[in-house]
Each structure stands twice: as structure tokens, then as C-alpha cells.
Amino acid sequence: MSAVRSSRRASAGPRIGRRFLALLAVACVAGISATAALAWSQYYEQNTSFSAGDLRTSAYNSGVDQNKVNFSNIFGGLPQMGTRLISGGGSPYTWTWSNTGSIEDYRSISYGAAQCMANSGNGYAVYVSFCWAANF
Amino acid sequence: MQLLKSKWIVLIGSLLVAITAGTTVVIAVGNAGSEPPSGVSTGVSSLDRLPAVSNLPPKVQAWLTYDSTLSGTDPTQARASVRRLRSTLGTTQSDVYAFRSRSGATCYLITGRTGSCPQDASRGTPGFQWTIGGGYPGVPSALAGVVADDVSAIELTVDGKDVPVSIENNFAFAEFPTTAQRADVSVRHVSGAVSSFNVNLQG
């Protein structure tokens, strides 16, 4: 009898260990998934031409804190591109403009979307390599 | 007959030489009187003059990694060439970090605000690679950017009012209200030339 008991006890150890490992694996997978869901980035426009006033908007997400635009003046002139963040409510952040071909906007918003735009005053189209937003 | 042919050849040859020489002179005169070279291609000497930065905050390190990759610059070389051009700037008390990319462009970051990493030094307005705007609740908009060695002053007028622009270590900075509609900027070069542009701030 005691032999049976001790046998049960002996087999209970590995069973608990297996359950613990399984739980740990589930927790790890859940943790990784949660991290993946939190860290987000999106190319919301790529390799296209913007005429004056053209605007693109990224998907909405939480904690957006990077909005980057790369562009070039292959059609002539010194056209200006801009970036900003918008939220569901309240006034949007003001535009950041440049004609250098690169804007890296590091403002952040608790929940919102990123935008890129060709200034309505541009006399030339502008080639946009990408508009990209992220929250990490 | 042969002599006549030779004279014609000499005459046409002389004419071609004269036309070529004339065109060259016209081009040279045209360049001498035109705008200074675009971007900051005349030099950004602060990147050579200022001391290296020993410690970089994590977000500055992340910016450096991104921009060195984007510009095809060796990360080790980029890290070694980082300089702090300005400190505690404006309402956000931002620092300005910059490095020279493989192509010779100046990539910069104004901490917590904005940055730029042009493809090369010749992009944009002669003498000034700028960003403008970028205000948000509690923080005014700003004109900021890398100034070439051949620039003596930058003048900013926002909605008809003059706004002082400070330039130190090849970096210009000025703040103005987020409600502004229009900015007019003049870049004064040492040569006396002036490069001007305006921006519709509301898009």
C-alpha cells in the first residue's frame, strides 16, 4: 500500500512539473502576443506621387510616437511635405513641414493616427518614398 | 582647290572654338551671379569642431540606429561622429544631436520634437535644411534646422511679425504660436545673396 502511495507521489512530481511548464509556455505565448499587439508600425503610403494638397492617414493606434516621411523633388522645384498626428477628438497637432526630403516627427499621442501631406502651396508634384508611423 | 578646302576647315574649326568659348563664359557669368549652392553643401563645420558625445540617451541611440541604417552609414562611424549642437532649446528644453552620413548629409534630432536625415547635403533651400511647425498642446511651433557655414543670418516673419532666430553651432531655432498661418523665411549668405521661401503652415 505504502509502495502504491509512494509510487503515486513519485508520479505526481513530474505531472505538476509538466503542468507548470505548460502554464509557463501559455504565459510566454500570451506575453509575446501582447507585446506584438502593443508594438505597431505601418507604411501608410509608399512609392507614389503627391500633388499639392494630397493627404494620407495611417490606421489609428495607441501611443503613436513616430511619424516619418521620405520624399524627393524629382519633378522639380522644392516641394514641401508635412507630418502630424490626429486624435479622435480635440484639435490635431500642427503640421511639421520641410523641403529637404526627410521629416522625422517624434511627437506622441495617447491614441490617434499619423498623417502625411503635400503642401497645398506646392508648384510641383512630389515623389513620396514612404510615410511610416509606429508606436515603439 | 585643296588650299581652299583647308581654309574652310580652319574657318569652321575656329568658329566652333569661338562658340564653345563664348558659351563657357556665359555659363560662368551666370553662375557667379546666381543663388548659392542648394542645401548645406558649403559645409557644416561644427560637426568637425565640437567634442564627441560620450553618452547618448536611449531614444537618441534609437534615432542614431534608425538614421544610420536609413542613410547607409556604418553605425560605428555614425556613433563616433555624433555631436550635440544645441542644449535645452525652447519650451521642450530639447537637445540637438547630429551626425554626418555616408553621403555627407547632416542628420539631426531635436529630442522630443523632430528630426531630418536628407539623402545628401545638397537637398533643400540654399544654406538651410529646415523643418517648421510641429507644435502641440502646450508646446509652440518651431523653425529649426542645419545652417551652412556660408550663412550669416536667418530671418523669420510669421503672419507679418518678425520672430528672432538664434543660430549656434550651425543650428537655427525659433519658436512661434501654433495658430500661425504663414511663415516667410530669408536666408542671408555671407556673399550678400539671399535665399527666401514661404510656408503655408496650415497645409
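1. Two strands pair if DSSP finds at least two bridges between them. That cut-off matters at the chain boundary of this predicted model. Strand β7 of chain A, residues 102-105, is joined to β4(B) by 2 bridges. The two strands run antiparallel. Because pairing needs at least two bridges, β7 of chain A and β4(B), with 2 bridges, count as a pair. One residue to look at is A:Glu104, whose bridge partner in β4(B) is B:Gly115.

2. How many residues does each chain bring to the contact? Chain A gives 22 residues, and chain B gives 25 residues. On the side of chain B that touches chain A, three strands supply at least two residues each: β4 (114-116), β5 (128-133) and β12 (194-200). The largest share there is that of β5(B), with 5 residues. By class, this side of chain B has 16 polar, 7 nonpolar and 2 charged residues. Note that β4(B) enters this picture twice: β4(B) supplies residues to the contact, and β4(B) is bridged to β7 of chain A.

3. Confidence in chain A needs a comment. The average pLDDT of chain A is 82, and 72% of the residues score at least 70. Which stretches stay under 50? Residues 1-13 of chain A do, and the model has 0 contacts for them beyond four places in sequence. Residues 26-36 of chain A also stay under 50 in pLDDT. For residues 26-36, too, the model has 0 contacts beyond four places in sequence. I would not read the placement of either stretch from this model.

4. Now chain B as a whole. Chain B has 12 strands and 4 helices. Of its 203 residues, 38% count as buried. Among contacts in chain B with a separation of 6 or more, 55% are between residues 24 or more positions apart.

5. One sheet of chain B deserves a paragraph. Four strands form an open sheet there, in the order β8-β7-β11-β12, with antiparallel pairing. Which strands stand at the edges? They are β8 (161-163) and β12 of chain B. Each has a single partner strand, so one side of each has no neighbour in the sheet. Direction ignored, neighbouring strands of this sheet are turned by 25° against each other on average. The edge strand β12(B) also supplies at least two residues of the side of chain B that touches chain A.

6. The inner pairing of that sheet can be followed residue by residue. Strand β7 of chain B (residues 151-158) is joined to β11 of chain B (residues 182-189) by 7 bridges, antiparallel. There, B:Val158 stands opposite B:Ala183 in β11(B). Between β11(B) and β12(B) there are 7 bridges, again antiparallel. Here B:Val185 has B:Phe197 in β12(B) as its bridge partner, while B:Ser186 stands opposite B:Ser196 in β12(B). In a regular strand the side chains alternate between the two faces of the sheet. The hairpin of β11(B) and β12(B) has 4 residues between the strands. In that hairpin B:Gly192 takes a positive phi near 100°.

7. Two residues other than glycine should be checked for positive phi. A:Asn47 has phi near 45°, and B:Thr88 has phi near 40°. Where are they placed? A:Asn47 is in strand β1 of chain A, residues 41-50. B:Thr88 is in strand β1 of chain B, residues 83-89. Buried or exposed? A:Asn47 counts as exposed because it has 9 C-beta neighbours inside 10 Å. B:Thr88 has 8 such neighbours inside 10 Å, so B:Thr88 counts as exposed as well.

8. Last, A:Asn61. This residue lies in strand β3 of chain A, residues 61-64. Why does A:Asn61 count as partly exposed? A:Asn61 has 19 C-beta neighbours inside 10 Å, and a residue needs 20 or more to be buried. Leaving aside residues up to four places away in sequence, A:Asn61 touches A:Trp40 and A:Asn135. A:Ile74 is 13 residues from A:Asn61 in sequence, yet the two are 33 Å apart in space, C-alpha to C-alpha.

Terms used
Residues are numbered from 1 along each chain as its sequence is written. Chains are lettered from A and ligands numbered from 1 in the order in which they are written. This is a predicted model: local features need pLDDT of at least 70, side-chain atom pairs count only at pLDDT 80 or more; totals for chains, interfaces and linings use all residues. A residue is buried if 20 or more other C-beta atoms lie within 10 Å of its own, exposed if 12 or fewer, and partly exposed in between; C-beta atoms are placed from the backbone. Two residues are in contact if their C-beta atoms, placed from the backbone, lie within 7 Å. Ala, Val, Leu, Ile, Met, Phe, Trp, Tyr, Cys and Pro count as nonpolar, Asp, Glu, Lys and Arg as charged, and the others, Gly among them, as polar. pLDDT is the predictor's confidence in each residue, from 0 to 100. Axes are lines fitted to C-alpha atoms, for helices over the stretch in contact, and angles run from 0 to 180 degrees between N-to-C directions.
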